[in-house]
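Here's a walk through one structure, from its cores to its aromatic pairs and a couple of serines. Have the model open as you read.

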Amino acid sequence: MKRALVPGTFDPITAGHLDVISRAAQVFDEVVVSVAASKKKGPLFTLEERVALVKEATADLPNVSVVCFDGLLVDCARKYDAHAVVKGLRVVTDFEYEFQMTAMNYELSESLETFFIMSPPKYMYLSSSVVREISSMGGDVSKFVPACVDKALKKRFAPKQFEV
């Protein structure tokens with residue numbers, strides 16, 4: 001069985017992430033979406049919330065499962081018996097970062113292969129941080145994220161009601 005990890009913080013999951021996940025699901029027998037704790041990044045959503053949102057967003061993909069991890073990606077790959085990592089690339093800066101991470105992962109585990117999926121032009125500008133910023137200012141992000149994420153963002157950034 002060919003099992004691959006699609007790792008990320010997914011804070012929140014976007015249409016671009018879903019594109020990578022669904023394309024990986026067409027190539028590999030099983031795809032394990034690995035949601036990183038990423039405490040250092042100070043995520044908007046808790047790890048549990050992010051896992052739940054990714055599960056809901058990928059529910060229609062039968063060969064996709066969702067797990068969380070905290071630690072080294074190579075350890076997560078070993079735990080789930082994955083021999084491949086799939087990463088999306090949008091721009092050159094993504095490649096530079098992912099190239100370094102791939103080289104380090106190879107040093108830690110020579111059996112772990114990395115595959116890159118190029119973003120289609122419509123997602124090249126899309127990132128979780130841009131989605132969070134637009135949403136925090138009351139902008140409409142519904143075309144950039146799954147409906148469950150749009151709802152969660154609206155709830156998170158809803159204007160606070162003050163009693164007088």
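What follows is a quick tour of a predicted model.

**The nonpolar cores**

Let's start inside. The largest nonpolar core has 37 residues, and those with the most contacts inside it are Val 6, Phe 10, Ile 13, Ile 21, Val 31, Val 33 and Val 86. Who supplies it? Strand 1 (3-8), helix 1, strand 2, helix 2, strand 3 (64-69), strand 4 and helix 6 each chip in at least two residues. Helix 1 gives the largest share of this core, with six residues. As background, nonpolar side chains in soluble globular proteins tend to be buried together.

Phe 10 is a good residue to click on. Setting aside neighbours within four places in sequence, Phe 10 is in contact with His 17, Ile 21, Val 33, Ser 34, Val 35, Arg 50 and Val 54. There's also a second, separate core of 12 residues, which includes Leu 5, Val 32, Val 74 and Ala 77.

Helix 6 (residues 147-156) has Cys 148, Val 149, Asp 150, Ala 152 and Leu 153 as its buried residues. Which helices do they pack against? The buried residues of helix 6 pack against helix 2 (47-57) and helix 5.

**Strands 4 and 5**

Strand 4 (residues 84-89) pairs with strand 5 in the parallel sense, over six bridges. If you want one bridge to look at, Leu 89 has Met 118 in strand 5 as its partner. Add helix 4 (residues 92-108), and strand 4, helix 4 and strand 5 make a right-handed β-α-β unit.

**Aromatic pairs**

The count of aromatic pairs comes to four. Here are two of them.

| Pair | Centre to centre | Angle between planes | Geometry |
|---|---|---|---|
| Phe 28 and Phe 115 | 5.6 Å | 70° | edge-to-face |
| Tyr 125 and Phe 144 | 6.2 Å | 85° | edge-to-face |

Phe 28 sits in the loop between helix 1 and strand 2 (30-36) while Phe 115 is in strand 5, so their pair ties together parts that are 87 residues apart in sequence. Phe 28 counts as buried, at 12% relative accessibility, whereas Phe 115 is partly exposed at 41%.

The pair of Tyr 125 and Phe 144 also links distant parts of the chain, 19 residues apart: Tyr 125 is in the loop between strand 5 and helix 5, and Phe 144 is in the loop between helix 5 and helix 6. Phe 144 is buried, because its relative accessibility is 13%, under the 20% cut-off. Elsewhere, Phe 95, Phe 99 and Phe 116 form one aromatic cluster.

**Two serines**

Ser 127 is found in the loop between strand 5 (113-118) and helix 5 (128-136). Is Ser 127 buried or exposed? Ser 127 counts as buried, with 15% relative accessibility. Its side chain makes a polar contact of 3.1 Å with the side chain of Ser 129, and the side chain of Ser 127 also reaches the backbone nitrogen of Val 130 at 3.2 Å. Leaving out neighbours within four places in sequence, Ser 127 is in contact with Thr 14 and Arg 90.

Ser 22, in helix 1 (residues 15-27), is partly exposed, with a relative accessible area of 23%. How far apart are the C-alpha atoms of Ser 22 and Leu 61? They are separated by 7.3 Å, with the two positions 39 residues apart along the chain.

Terms used:
Residues are numbered from 1 along each chain as its sequence is written. This is a predicted model: local features need pLDDT of at least 70, side-chain atom pairs count only at pLDDT 80 or more; totals for chains, interfaces and linings use all residues. Side-chain values use heavy atoms; hydrogens and water are left out. Helices (H or I, at least four residues) and strands (E, at least two) are DSSP runs, numbered from the N terminus. Buried means under 20% relative accessible area, exposed over 50%, partly exposed in between (1.4 Å probe, protein chains only). A polar contact is a pair of N or O atoms within 3.5 Å; within protein, one must be able to donate a hydrogen and the other to accept it, and residues adjacent in sequence count only if both atoms are side-chain atoms. Contact means heavy atoms within 4.5 Å. Two strands pair if DSSP finds at least two bridges between them. A crossover is right-handed if, with the strands pointing away from the viewer, the path from the first strand over the helix to the second runs clockwise. Rings of Phe, Tyr and Trp (its six-membered ring) pair if their centres lie within 6.5 Å; planes under 30 degrees apart count as stacked, over 60 as edge-to-face and the rest as tilted. A nonpolar core is a set of buried Ala, Val, Leu, Ile, Met, Phe, Trp, Tyr and Cys residues joined through side-chain atoms within 4.5 Å.
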